[in-house]
Amino acid sequence: MKFMKKYVGIGLVALLFAIVLTSFSLACSCMMTGTPAEHLGVFDAVFEGEVTEIEHNTRGVTDFYEIEFKVSRAWKGVTHDEIEIETSDSSASCGFNFVEGKKYIVYANDEEGRLTVNICSRTALVDDAREDLDYLNTVATIDLESGEEEENEPSFFRRIINFFRNLFN
């Protein structure tokens, strides 16, 4: 009996250890590094937009959200004023938690013809994306009607604001 208790105890410890390791391996882990300029170069689509609808869906065994945006400005990969992206429905799977009615700067990648977003990008609420907007305001935008790139020369007023922001930061 003592022999059996020893093996049952070892088995339970091994099972517990396996469960703990599995849960760690399934969790999302990333560290956002790089500047807005670097991320603009790496991601397939970069835009500013307001979330207009969030819908939960399943593809195979994968649960995800389809997020619809009303695009106000685009810097890369977006040529229409409405766009749909996808993100995992779980932050453990690196899903980004969008809120309907909020405005975001979005960095998305094309995965098999679908734009996807995760928490490892610089995607953020517009109110929290000051560094990104300071840079993106100096970059050409895409005209959402024609799909053509247009120069985005900051106005005199914008240049003065950026000068003083940089001076005091």
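In the hairpin formed by strands E1 and E2, two residues lie between the strands, and Gly-60 adopts a positive phi near 65°. Helices (H or I, at least four residues) and strands (E, at least two residues) are taken here as DSSP runs, numbered from the N terminus. The structure is a predicted model, in which local features need pLDDT of at least 70 and side-chain atom pairs count only at pLDDT 80 or more, while totals for chains, interfaces and linings use all residues. Residues are numbered from 1 along each chain as its sequence is written, and side-chain values use heavy atoms, with hydrogens and water left out.

Two strands are said to pair if DSSP finds at least two bridges between them. On this basis, strand E1 (residues 45-59) and strand E2 (residues 62-76) run antiparallel and are joined by 13 bridges, with Glu-50 standing opposite Lys-70 in E2. E2 also pairs with E3 in the antiparallel sense, over seven bridges, and here Glu-66 stands opposite Glu-86 in E3. The hairpin of E2 and E3 has five residues between the strands, and within this hairpin Gly-77 takes a positive phi near 75°. E1 further pairs with E4, again in the antiparallel sense, over six bridges; the bridge partner of Glu-48 in E4 is Ile-105.

The structure also holds one disulfide, a term that denotes a pair of cysteine sulfur atoms within 2.5 Å. This disulfide is formed by Cys-28 and Cys-94, whose sulfur atoms are 1.8 Å apart. The pair links distant parts of the chain, 66 residues apart, since Cys-28 lies in the loop between helix H1 (2-26) and helix H2 (36-42), whereas Cys-94 lies in the loop between strand E3 (82-88) and strand E4 (103-111). The torsion about the S-S bond of Cys-28 and Cys-94 is about 95°, and the disulfide is therefore right-handed. Cys-94 has a relative accessible area of 17% and is therefore buried, where buried means under 20% relative accessible area, exposed over 50%, and partly exposed in between (1.4 Å probe, protein chains only).
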